[in-house]
Amino acid sequence: MRGPISVAATIADLVPRRSGGLPPGQREVRAFPRFADKPLRPAPPIEPIALEVSVEGAERRTLTESDLGRHDVVELTRDFHCVTTWSHRGLRWRGVRFVDVVTDTFGAGVGDELPPYLVASAADGVSATFVTVDLLGHDVLLATDLDGAPLDRAHGAPLRLVSPGQYGYKNVKHLVGLDFRCRQPVSALGGKEHLRARVDREERHSTLPNWAVTIPNRLSIGPTALAAVRGLAR
Ligand SMILES: Nc1nc2c(c(=O)[nH]1)N[C@H]1C(S)=C(S)[C@@H](COP(=O)(O)O)O[C@H]1N2
Ligand SMILES: [Mo]
């Protein structure tokens, strides 16, 4: 009986509930599900950290765990907000600050010299586009640990971009590339990806109004989370 009971418990923990203090349009889930735009896509095997940082494909440098280890370690507890409207409270991340790493890599002062756009890419082929300034805040991390343990395959091993002020799809798991660009990059997600995706401004979609995306998004949460468990087993 344990199997069915635990599945039922998992489903109950995935039911989004209204809860005070969440950003606009968000509902709380007790579980922290594995989630994805394409949930059946397998999570990549765990590899050592190798983060290729470049400017428009040139000035390439590959950073390893020891390169990241030269920076101050930061612990940060933040709520996590998926654009499909589920939020999970109180994730405890550990890592180094994005701004420290890029400043050190390029010797650039914060905000100047760095190109204005960025593509962050993952070992599973996923990528997200950014305005560089959105990642320069002190709460944006290159995280290696979650809730006191190294990141697992479900949640982004070995390295994850954590940008708590932006929706989940900007929090790229299995991070392998940071490529700075002078012109706005084309999004691999198409119109679904808002360039900034700031949670407090409810920037969910690049063109559609929020009322048009919220209902389909809500309906997708359960099936996506259940499919993502299967994607993990592949
Ligand atoms: N590499 C990678 N990163 C990703 C995704 C993905 O499919 N692959 N999905 C994004 C989406 S839509 C969300 S909501 C979060 C989910 O993070 P979690 O699986 O740790 O809950 O990861 C984001 N980062
Ligand atoms: Mo998401």
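Mentor: Let's start with some vocabulary: helices (H or I, at least four residues) and strands (E, at least two) are DSSP runs, numbered from the N terminus. This is a predicted model, where local features need pLDDT of at least 70, side-chain atom pairs count only at pLDDT 80 or more, and totals for chains, interfaces and linings use all residues. Residues are numbered from 1 along each chain as its sequence is written, chains are lettered from A and ligands numbered from 1 in the order in which they are written, and side-chain values use heavy atoms, leaving out hydrogens and water.

Trainee: Where is Ser19, then?

Mentor: Look between two elements, helix H1 (2-14) and strand S1 (27-28). Ser19 is in the loop that runs between H1 and S1.

Trainee: And which is Ser19: buried, exposed or partly exposed?

Mentor: Buried means under 20% relative accessible area, exposed over 50%, and partly exposed in between (1.4 Å probe, protein chains only). Ser19 has 25%, so it counts as partly exposed.

Trainee: Ser54 next: buried or exposed?

Mentor: First place it: Ser54 is in strand S2 (residues 50-55). Its relative accessible area is 3%, so Ser54 is buried.

Trainee: Which side chain has a polar contact with that of Ser54?

Mentor: A polar contact is a pair of N or O atoms within 3.5 Å; within protein, one must be able to donate a hydrogen and the other to accept it, and residues adjacent in sequence count only if both atoms are side-chain atoms. For Ser54 the contact is 2.7 Å, and the partner is Asp179.

Trainee: How many residues surround ligand 1?

Mentor: Count a residue as near if one of its heavy atoms lies within 4 Å of the molecule. The closest ones are Pro33, Asp124, His155, Arg160 and Lys173. By class, the shell has 12 nonpolar, 4 polar and 4 charged residues (Ala, Val, Leu, Ile, Met, Phe, Trp, Tyr, Cys and Pro are nonpolar, Asp, Glu, Lys and Arg charged, and the others, Gly among them, polar). The total around ligand 1 is 20.

Trainee: What percentage of the area that ligand 1 exposes alone does the protein bury?

Mentor: Look at its polar partners: an N or O atom in the side chain of His155 is 2.5 Å from a ligand oxygen, and a polar side-chain atom of Arg160 is 2.7 Å from a ligand oxygen. The backbone joins in too, with an N or O atom of Asn171 lying 3.0 Å from a ligand nitrogen. Taken alone, ligand 1 exposes 530 Å² (Shrake-Rupley method, 1.4 Å probe), and the buried part of that is 96%.

Trainee: Any odd backbone spots? Which residue does a cis peptide bond join to Ala157?

Mentor: Most peptide bonds are trans, and most residues other than glycine have a negative phi. Here omega is about 0°, and the partner sits in the loop between strand S9 (149-150) and strand S10 (160-162). The residue joined to Ala157 is Pro158.

Trainee: What is the phi of Glu59?

Mentor: Glu59 is in strand S3 (residues 58-64). With a relative accessible area of 55%, it counts as exposed. Its phi is positive although it is not a glycine, at about 40°.

Trainee: Last one: what separates the C-alpha atoms of Thr64 and Ala50?

Mentor: Thr64 lies in strand S3 and is partly exposed, at 31%. Along the chain the two residues are 14 apart, and their C-alpha separation is 5.0 Å.
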